[in-house]
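I opened a fresh page for this one and wanted to work through the sheets, a helix and the ligand site. Here is what I looked up, in the order I got to it.

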Amino acid sequence: MPPIYLDYNGTTPHDPEVIAAMRPFLESEFGNPSSSHWFGTNPREAVAKARGRVAELLGCTQREIFFTSGGTESNNHAIIGIARSMINKGRHIITSAFEHPAVLEVCRYLEKEGFDITRVPVGTDGLVDPAEIRAAIRPETILITIMHANNEVGTIQPIAEIAALARSRGIHLHTDAAQSVGKLSVKVDELGVDLLSVAGHKVYAPKGIGALYVRTGVRPEKFCHGAGQEMGWRAGTENVLEIVGLGKACEIAARDQKSNYAHMRMLRDRLQAGLGTGDRKIRLNGHPDRRLPNTLSLAFKGEDANRILDAIAPQVAASPGAACHSDSVAVSHVLTAMQVPQEWARGTIRFSVGKMTTTAEIDQAAAIVRGALS
Ligand SMILES: Cc1ncc(COP(=O)(O)O)c(C=O)c1O
């Protein structure tokens with residue numbers, strides 16, 4: 001028996017409906033969508049349909065959706081693309097100290113290219129204060145990039161408020177929505193963003209596929225030069241198989257968002273209660289309410305997260321600190337940004353549930369973790 005999977009923020013299993021939608025494109029529909037002959041027809045139509053499904057989930061038009069290889073690539077396109085295209089206006093970018101490395105490292109790279117980066121702090125609950133953004137804006141600010149929801153602690157940022165500020169100053173706003181799409185209702189017009197990144201493997205589609213929303217009229221620099229696919233913006237023969245998978249995953253996400261939200265939240269809260277956060281030695285990281293419905297980042301005071309995880313590993317799979325790119329328990333930049341004290345941060349475990357998680361699994365996992373702690 002594999003362990004109980006409580007690491008849905010790391011990645012999600014493939015939805016059986018996604019596998020079924022992809023199967024023909026693995027088995028028989030091998031054609032190139034750019035081919036004008038018979039073999040190109042179904043793949044071309046499938047890519048168009050998938051684009052429509054992503055657009056519908058985000059509340060935008062199909063022409064505003066570009067397929068990429070995932071969240072990291074979408075963030076690179078958005079941030080570097082805007083930085084390069086707006087260079088005549090300025091070289092200043094605002095982000096937070098709290099972002100995923102797929103944003104932080106892109107900003108660090110741009111710094112080496114002569115861009116000026118302001119990293120606004122977050123509060124102890126992980127929230128960015130829009131007043132900090134307002135104070136950081138300069139005449140030469142070209143881009144604000146703040147994640148929608150944090151992957152480690154789940155805190156949901158006030159993107160709409162930040163968007164109002166950005167818009168009033170004529171600054172582009174990008175949000176990394178890799179963790180929020182599928183878990184929350186994510187609509188680009190409600191958020192007011194100009195660019196938004198999606199990662200397929202967080203919404204029950206395969207790894208290696210994603211999308212970038214770019215608002216009509218916003219023109220990041222072309223990122224990949226070649227034969228003109230993706231409306232001339234990202235060249236390269238389309239990853240039809242996974243594009244179809246992402247399209248199906250987005251269709252399902254739109255259909256089931258409300259019920260999945262309720263299910264995940266109920267299980268997450270049940271786990272939290274089952275682990276006894278009333279205990280003086282256990283506390284929650286992140287905002288208690290403005291939080292993803294599936295995410296439970298718990299700090300066990302004076303413990304070593306890896307020791308707990310090793311003890312429960314045969315039965316429960318969860319993550320220390322920043323999970324999807326590291327198995328080290330060195331205090332993550334997210335907990336550091338939130339000023340979580342060392343004795344709590346070193347004992348932090350992120351549990352993240354998903355739509356496939358069951359009540360029985362949660363009750364079992366809570367008992368196993370409690371056993372390991374005692
Ligand atoms: C918030 C966030 N942004 C970006 C990424 C990177 O996405 P991908 O793995 O698709 O490149 C992840 C996940 O690893 C994430 O959690």
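**Antiparallel sheet**

I began with strand S10 (residues 295-300) and strand S13 (residues 348-352), which run antiparallel and are joined by five bridges. Within that pairing I found Thr295 standing opposite Ser352 in S13. I kept in mind throughout that this is a predicted model.

Next I traced the rest of the sheet: it is open, has four strands in the order S9-S10-S13-S12, and the pairing is antiparallel. Strand S9 (282-284) and strand S12 (319-320) stand at its edges with a single partner strand each, so one side of each has no neighbour in the sheet. I then looked for what packs here, and helix H9 (residues 305-312) turned out to lie across S10, S12 and S13. I noted that H9 runs at about 45 degrees to S13.

**Mixed sheet**

I moved on to the open sheet of seven strands, whose order I wrote down as S2-S8-S7-S6-S5-S3-S4, with mixed pairing. Its edges are strand S2 (65-68) and strand S4 (116-120); each has a single partner strand, so one side of each is left without a neighbour in the sheet. The twist from one strand to the next averages 20 degrees.

I picked one pair for a closer look: strand S3 (residues 92-96) and strand S5 (residues 141-145) pair in the parallel sense over three bridges. Ile93 has Leu143 in S5 as its bridge partner. Helix H6 (residues 159-168) lies across S5 and strand S6 (172-176), and I noted an angle of about 160 degrees between H6 and S6.

**Helix H8**

How far apart are the end C-alpha atoms of helix H8? I found 43 Å for its 36 residues (240-275), short of the 52 Å that a straight helix would reach at 1.5 Å a residue. Looking along H8, I came to a kink of about 70 degrees centred on Asp256. After H8 comes Gly276, with a positive phi near 70 degrees.

**Ligand site**

Which residues come nearest to the ligand? Of the 14 around it, I listed Gly70, Gly71, Thr72, Asn151 and Ala199. I sorted the shell by character and got five nonpolar residues, eight polar and one charged.

Note on methods
Residues numbered from 1 in each chain as written. Predicted model: local features only at pLDDT ≥ 70, side-chain atom pairs only at ≥ 80, totals over all residues. Near = placed C-beta within 6 Å. Nonpolar A, V, L, I, M, F, W, Y, C, P; charged D, E, K, R; others polar. Helix = DSSP H or I, 4+ residues; strand = E, 2+ residues; numbered from the N terminus. Expected span 1.5 Å × (residues − 1). Bend = angle between axes of the 7 residues up to and from the residue. Pairing = 2+ DSSP bridges. Axes fitted to C-alpha atoms, helices over the stretch in contact; angles between N-to-C directions. Contact = placed C-beta atoms within 7 Å.
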